[in-house]
Amino acid sequence: MTDVPEGWTEDGDAITKRFEFADFAAAIAFMNRAAGPIDEMNHHPEWTNVYNRVDVRLTSHDTGAVTDRDLRLAGVLDELAQQS
Ligand SMILES: C[C@H](O)[C@H](O)[C@H]1CNC2=NC(N)=NC(=O)C2=N1
């Protein structure tokens, strides 16, 4: 396993993190902020939203493991979450 970024948890062939926001609108705003960069990277998360939480799971589907693409996306999501 490539080194897991701070705040993220190793989960088999993925890394995961729970993002918590002030409320539902803030959680959705984060997902919307992230949609563009995610598409530009052509590397997409598996993520679920419940109220003010967004649970994110990153893995590279083409290799079935965590790759640098996941680590890069984790950093991007961490930055975007700070903008809330
Ligand atoms: C065809 C397209 O490039 C691939 O399906 C991309 C899209 N987004 C992706 N996202 C993730 N997480 N893993 C991939 O392997 C992947 N591959």
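Q: A residue counts as buried if 20 or more other C-beta atoms lie within 10 Å of its own, and as exposed if there are 12 or fewer. Which side chains along β4 are buried, and which are not?
A: In this predicted model, the side chains of β4 alternate. Val54, Val56 and Leu58 point to one face and are buried. Arg53, Asp55 and Arg57 point to the other face and are not buried.

Q: Why does Asp70 count as buried?
A: Asp70 has 24 C-beta neighbours inside 10 Å. The cut-off for buried is 20 or more, so Asp70 counts as buried. Asp70 lies in helix α2. With neighbours within four places in sequence left aside, Asp70 is in contact with Ile15, Leu58, Thr59 and Ser60. From Asp70 to Gly36 the C-alpha distance is 16 Å, and the two are 34 residues apart in sequence.

Q: Why is Tyr51 called exposed?
A: Tyr51 has 10 other C-beta atoms within 10 Å. Exposed requires 12 or fewer, so Tyr51 is exposed. Tyr51 sits in the loop between β3 and β4. The hairpin of these strands has two residues between them. Tyr51 also has a positive phi of about 50°, although it is not a glycine.

Q: Is Asn42 buried or exposed, and what makes it so?
A: Asn42 has 7 C-beta neighbours inside 10 Å. The limit for exposed is 12 or fewer, so Asn42 counts as exposed. Its place is in the loop between α1 and β3. Asn42, which is not a glycine, has a positive phi of about 50°.

Q: How much of the protein counts as buried?
A: Of its 84 residues, 23% count as buried.

Q: What is the secondary structure of the protein, and in what pattern does it follow the sequence?
A: There are two helices and four strands. Along the sequence they follow the pattern β-β-α-β-β-α.

Q: What makes the protein as compact as a globular protein of its length?
A: The radius of gyration is 12 Å, and the globule rule gives 12 Å for 84 residues. The two values are close, so the protein is as compact as a globular protein of that length. Its C-alpha atoms fill a box of roughly 35 × 25 × 20 Å along the principal axes. Among contacts with a separation of 6 or more, 62% are between residues 24 or more positions apart.

Q: How do you know that β1 and β2 pair?
A: Pairing requires at least two bridges between the strands. Three bridges join β1 to β2, so the requirement is met. The two strands run antiparallel, and Glu10 stands opposite Ile15 in β2. β1 and β2 form a hairpin with two residues between them. Gly12, in the turn, has a positive phi of about 65°.

Q: How many bridges join β2 to β4, and how many join β3 to β4?
A: Six bridges join β2 to β4, and β3 pairs with β4 over five. The cut-off is at least two bridges, so both count as pairs. Both pairings are antiparallel. Arg57 of β4 stands opposite Thr16, and Arg57 is also the bridge partner of Glu46. Trp47 stands opposite Val56 in β4.

Q: In what order do the strands form the sheet, and why do some of them stand at the edges?
A: The four strands form an open sheet in the order β1-β2-β4-β3, with antiparallel pairing. β1 (9-11) and β3 (46-50) each have a single partner strand, so one side of each is left without a neighbour in the sheet. Neighbouring strands of the sheet are turned by 25° against each other on average, direction ignored.

Q: Which strands does helix α1 touch, and where does helix α2 lie?
A: Helix α1 (residues 24-41) packs on the sheet and touches β2, β3 and β4, with its direction at about 30° to that of β4. Helix α2 (residues 68-82) lies across β2 and β4 and runs at about 165° to β4.

Q: Which residues surround the ligand, and what kinds of residue are they?
A: The ligand is surrounded by Asn42, His43, His44, Ser60, His61 and Asp62. This shell divides into no nonpolar, five polar and one charged residue. Asp counts as charged, so Asp62 is the charged one.

How values were computed:
Residues are numbered from 1 along each chain as its sequence is written. This is a predicted model: local features need pLDDT of at least 70, side-chain atom pairs count only at pLDDT 80 or more; totals for chains, interfaces and linings use all residues. Axes are lines fitted to C-alpha atoms, for helices over the stretch in contact, and angles run from 0 to 180 degrees between N-to-C directions. Two residues are in contact if their C-beta atoms, placed from the backbone, lie within 7 Å. A residue is near a molecule or strand if its C-beta atom, placed from the backbone, lies within 6 Å of it. The radius of gyration is taken over C-alpha atoms; the globule rule is 2.2 Å times the number of residues to the power 0.38.
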